[in-house]
Number of protein chains: 2
Amino acid sequence: MRIGELAAVVGVTTRAVRHYHHLGLLPEPERRANGYREYGLRHAVVLARIRRLTELGLGLAEVRDVLADDAGKDLVEVLTELDEDLARQEAALRERRARLRTLLDAEGGMPAEGPVSPELAALFAGASHLSDSPMAVKDREIIAFLETAMPAEDRERMVASVGEALGSPGAVARAGEAYALLDALADAEPDDPRVEEAAVALAGCIPPGLFPEAGELDPDDGFLRAFYDDLAPAQAEAVRRTLRILVEERR
Amino acid sequence: MRIGELAAVVGVTTRAVRHYHHLGLLPEPERRANGYREYGLRHAVVLARIRRLTELGLGLAEVRDVLADDAGKDLVEVLTELDEDLARQEAALRERRARLRTLLDAEGGMPAEGPVSPELAALFAGASHLSDSPMAVKDREIIAFLETAMPAEDRERMVASVGEALGSPGAVARAGEAYALLDALADAEPDDPRVEEAAVALAGCIPPGLFPEAGELDPDDGFLRAFYDDLAPAQAEAVRRTLRILVEERR
DNA sequence: CTTGACCCTGCCGCAGCGTCAACGTCTTCA
DNA sequence: TGAAGACGTTGACGCTGCGGCAGGGTCAAG
């Protein structure tokens, strides 16, 4: 057989066959006078084995190992490992599909908001009575960001807190007022008297259950500075004071 | 923020961040006088989105598309496609795991035989009374090879036929005799009178149900030549005659 | 002044081939 | 007989999503 026949018979490409030669998986056959490779059944058998193993999901290096020690003992080992690996992959896939479905279900409500975690997306989508002021939008962005940034073990509790707050008409109304006060500071100076007012209002929106780690936070932390940079000076000052209030409260 | 902080906050590596810059996924921020990149919250938000999308399984090119048209419409499309893709992957994974398990269950019996298709492995493993003569081993190799080489739609029927044959003591005995006759030809000349005898015996082992496409086979086909090369001349001649007998019978 | 922890750019490497390129060879048909 | 077209040869680059290294510069603390 020449390489094309061999490849066709086993159902791979000639390129793959040559690749296996290159990696030493498949022994190079004799050449004809013209340089063409001349294959025999032995090669077809080995090639078929390679293909079967790769179809199972083994890497070519593992295939080489298995083919090398013809004591098939290693094979069981490798296959068991592989099965565990596939199990992990399957679980991960299921996870992702679940998240995807949640996201798709909730997607209609907030196309401009971009992809948020499925849980938050559902929450925000369900609460259509939210304010649309600039600060409100930014706050949702920040919440979404915090939720990806924070350690996984705090996430669930945090999402639950947000859900609670959104479920309470009083809390939503208080938040709306705080957003309005902050929006009004867009062009103000940092020493504007309304800064303190806005800070108090904002602090009042954040119940102890939400954001309990505020107590351990340094209001001049590096990451927070990045956050302040994103706001007008007076707004940043208000948020800074809010955090100071929270730190005091929770110490 | 500098790149390390940004990366830590979102939970990626600095290398990944630079990679996203390189691909144009994440806009390059301003530089400080010393050349360091200086990030703001905007970057953290975008980076977090990128991460979320990639965790869902989108490729970086798709992420770029989604981030580009901020009409979130494309997103739903992409995600739906993605879900279908993931579904396919999940099915494929399950397939592979099933094959793997069958293979692992049947593995104890035939370590030296190497990896065969799960079904055949189970069959061969279950029939411990098979001959171990050289020709018998080669025949099992060939059956295994044919099973990978043949089109998928014939495979099931073929495996079933082999199973039937192995289940019939008479058939197994006849095969054992045929193997013995062929083994005896290892050093014979192609015009040895025993060649015809062996060919008849071998043809008798192959019932019409097994290998029905023998009728359409050209005994001097390229692939078969490779098979003959693997046998002693007299053995090859016997197999050739066997095929001729089958072709006659089934025409 | 040194040490250590950052930052910079840029390039190679990974799996498993696909896909040219630039060429030789064999068969076949007019 | 010559040209086309289907094969074969080696070699090298392309793809994904970064990791890791080389070979520097920058900055704060001891």
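## The surface at strand C

Sorted by class, the surface near DNA strand C holds four nonpolar, eight polar and three charged residues. In that sorting, Ala, Val, Leu, Ile, Met, Phe, Trp, Tyr, Cys and Pro are nonpolar, Asp, Glu, Lys and Arg are charged, and the others, Gly among them, are polar. A residue is near a molecule or strand when its C-beta atom, placed from the backbone, lies within 6 Å of it. Keep in mind that this is a predicted model, where local features need pLDDT of at least 70 and side-chain atom pairs count only at pLDDT 80 or more, while totals for chains, interfaces and linings use all residues. As for labels, residues are numbered from 1 along each chain as its sequence is written, and chains are lettered from A and ligands numbered from 1 in the order in which they are written.

DNA strand C has 15 residues around it, and Ala16(A), Asn34(A), Gly59(A), Leu60(A) and Gly4(B) are the closest. H2 of chain A and helix H1 (3-10) of chain B each put at least two residues into this surface. The top contributor is H2(A), with three residues. Helices here are DSSP runs of H or I with at least four residues, strands are E runs of at least two, and both are numbered from the N terminus.

## The surface at strand D

Over at DNA strand D there are 17 surrounding residues, of which Gly4(A), Arg15(B), Ala16(B), Gly59(B) and Leu60(B) come nearest. The elements giving two or more residues to that surface are helix H1 (3-10) and helix H2 (14-23) from chain A, plus helix H2 (14-23) and helix H4 (60-68) from chain B.

H2(B) gives the most here, with three residues. By class, the surface near DNA strand D splits into five nonpolar, eight polar and four charged residues.

## Chain A as a whole

Chain A is built from twelve helices and zero strands. Of its 251 residues, 27% are buried, where buried means 20 or more other C-beta atoms within 10 Å of the residue's own, exposed means 12 or fewer, and partly exposed is in between, with C-beta atoms placed from the backbone. Counting contacts in chain A with a separation of 6 or more, 58% join residues 24 or more positions apart; a contact means two C-beta atoms, placed from the backbone, within 7 Å.

How confident is the predictor? Chain A averages a pLDDT of 81, and 82% of the residues score at least 70; pLDDT is the predictor's confidence in each residue, on a scale from 0 to 100. Among the elements of chain A, H2(A) has the highest mean pLDDT, 96, and helix H11 (residues 222-229) the lowest, 69. Where pLDDT is low, the predicted coordinates should not be read in detail.

## Helix H3 in both chains

In chain A, helix H3 covers residues 41-56; its 16 residues reach 23 Å from first C-alpha to last, close to the 22 Å expected at 1.5 Å a residue. That expected span is 1.5 Å times one less than the number of residues. Its buried residues include Leu41(A), His43(A), Arg49(A), Arg52(A) and Leu56(A). Right after H3(A) comes Gly57(A), with a positive phi of about 110 degrees.

Now chain B: helix H3 (residues 41-56) has 16 residues and reaches 23 Å between its end C-alpha atoms, close to the expected 22 Å. Among the buried residues of H3(B) are Val45(B), Leu47(B), Ile50(B) and Leu53(B). Gly57(B) follows H3(B), and its phi is positive, near 110 degrees.

## A few single residues

Ala33(B) sits in the loop between H2 and H3 of chain B. Ala33(B) counts as exposed because it has 5 C-beta neighbours inside 10 Å. From Ala33(B) to Arg88(B) the separation is 55 residues in sequence and 51 Å in space, C-alpha to C-alpha. Gly126(B), in helix H6 (residues 118-126) of chain B, is exposed because 12 other C-beta atoms lie within 10 Å.

Glu248(B) belongs to helix H12 (residues 233-249) of chain B, and Glu248(B) counts as exposed because it has 10 C-beta neighbours inside 10 Å. Its C-alpha lies 21 Å from that of Leu182(B), 66 residues away along the chain. In chain A, Ala180(A) is found in helix H9 (residues 169-183). Ala180(A) is partly exposed because it has 15 other C-beta atoms within 10 Å.
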